[in-house]
Amino acid sequence: MNRRDALQRLARTGALALASGPALPGLAAGAAGRTPAQPEGPYYPVEPPPDADWDLLRVRGQGGRAGGAPLTLRGRVLATEGRPISGAIVEIWQADHRGNYNHPRARGRAAFDPAFQGYGTARTDGDGRYRFLTIVPVPYRGRPPHIHAKAGAEGREPLTTQLYIKDHPENGRDGMFWSIRHPGKRRLMMDIRPARLGDDLRGKSALFDFVL
């Protein structure tokens with residue numbers, strides 16, 4: 001299945017959530033240019049899991065909430081001229097709070113947190129906004145904390161990249177991070193801050209705009 005067919009399949013499954021909330025500040029797309037690409041890595045899902053919605057903290061049919069610090073990740077998908085792109089599909093995938101991926105080739109898969117979805121999809125609303133509820137990424141086996149992401153829209157070249165935590169000390173020791181040309185590094189940073197995510201949930205929040 002090619003990339004375009006996969007995106008269309010995800011859209012048809014209904015496992016996509018419209019973003020919500022007020023308009024967000026972000027990068028001036030025309031000045032910043034396209035979001036820098038990064039390698040997909042070895043743990044992109046072989047096929048989308050049955051539960052692939054925007055809320056990665058709970059898995060359908062599983063009790064309890066995922067371990068780790070809750071994080072709401074939201075932002076927009078923009079064209080390089082700054083126009084919001086509605087109907088774009090954003091995917092994220094990441095390790096659990098112990099640094100394990102849910103993938104057949106991943107070391108530690110047997111210990112993967114069964115309450116963590118590990119992969120999610122969202123479709124942007126009319127203002128180009130998306131939202132995910134996930135966990136703050138953690139470092140593991142020589143890599144800094146990061147979230148893998150893909151974003152695609154009709155008529156636009158799909159983007160694959162990785163999102164890093166701003167000013168995290170592990171960033172400077174990562175070859176993949178240093179392969180990004182300056183000033184592109186700052187365009188892959190998440191500025192993570194404390195937030196109240198709901199009546200019974202406190203955690204962190206981050207804004208990130210994808211520019212296609």
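In what order do the strands of the open sheet run, and what pairing do they have? I looked this up before anything else, bearing in mind that the model is predicted. The open sheet holds 5 strands in the order β3-β2-β5-β6-β7, and its pairing is mixed. I noted β3 (119-123) and β7 (189-190) as the edge strands, each pairing on one side only.

**Entry: overall composition.** I listed 3 helices and 10 strands for the protein. Read from the N terminus, the elements follow the pattern α-α-β-β-β-β-β-β-α-β-β-β-β. Of the 212 residues, 50% are buried. I recorded an accessible surface of about 10,200 Å², with 50% of that area belonging to carbon and sulfur atoms. Among contacts with a separation of 6 or more, 75% are between residues 24 or more positions apart.

**Entry: β5, β6 and the loop between them.** I found β5 (residues 146-152) and β6 (residues 159-165) running antiparallel, joined by 6 bridges. Alanine 151 has leucine 159 in β6 as its bridge partner. In the loop between these two strands I located glutamate 154. I class glutamate 154 as exposed because its relative accessible area is 61%. Its C-alpha lies 9.5 Å from that of isoleucine 89, although the two residues are 65 apart in sequence.

**Entry: nonpolar cores.** Which residues touch the most other members of the largest nonpolar core? I noted Leu73, Val77, Tyr130, Phe132, Leu163 and Phe210, in a core of 37 residues. At least two core residues come from each of β1 (70-78), β2 (89-93), β4 (129-135), β5, β6, β7 and β9 (201-207). Another core, of 9 residues, lies apart from this one and includes Tyr43, Tyr44, Trp93 and Ala106. I then listed the contacts of phenylalanine 132 beyond four places in sequence; among them are Trp54, Leu56, Leu73, Val90, Ile92 and Ala122.

**Entry: aromatic pairs.** My search of the whole structure gave 10 aromatic pairs. How are the rings of tyrosine 101 and tyrosine 140 arranged? Their centres are 5.5 Å apart and their planes stand at 80 degrees, so I assign the pair as edge-to-face, the angle being over 60 degrees. Tyrosine 101 is in the loop between β2 and β3, and tyrosine 140 is in the loop between β4 and β5, so the pair ties together parts 39 residues apart in sequence. I count tyrosine 101 as buried, at 2% relative accessibility, and tyrosine 140 as buried too, at 12%.

For tyrosine 130 and phenylalanine 132, I noted ring centres 5.8 Å apart and planes at 55 degrees, so this pair is tilted. Both of these residues are buried. I also found Tyr130, Phe132, Phe208 and Phe210 linked into a cluster by ring pairs.

**Entry: charges over rings.** I found the charged end of lysine 150 over the ring of tyrosine 44, 3.9 Å from the ring centre. The charged end of lysine 185 sits over the ring of phenylalanine 177, at 5.8 Å from the ring centre.

**Entry: positive phi.** Most residues other than glycine have a negative phi. I therefore noted arginine 141, whose phi is near 40 degrees, a positive value. Arginine 141 is in the loop between β4 and β5 and is partly exposed, with a relative accessible area of 41%. Aspartate 167 also has a positive phi, of about 65 degrees. I placed aspartate 167 in the loop between β6 and α3 (175-178), where it is exposed at 66% relative accessible area.

Notes
Residues numbered from 1 in each chain as written. Predicted model: local features only at pLDDT ≥ 70, side-chain atom pairs only at ≥ 80, totals over all residues. Heavy atoms only, no water. Pairing = 2+ DSSP bridges. Helix = DSSP H or I, 4+ residues; strand = E, 2+ residues; numbered from the N terminus. Core = buried A, V, L, I, M, F, W, Y, C linked by side-chain atoms within 4.5 Å. Buried < 20%, exposed > 50% of the residue type's maximum accessible area, 1.4 Å probe, protein only. Contact = heavy atoms within 4.5 Å. Areas by Shrake-Rupley, 256 points an atom, 1.4 Å probe, with all protein chains shown as cover. Phe/Tyr/Trp six-rings, centres within 6.5 Å; stacked < 30°, edge-to-face > 60°. Lys NZ or Arg CZ within 6 Å of the ring centre and 35° of its normal.
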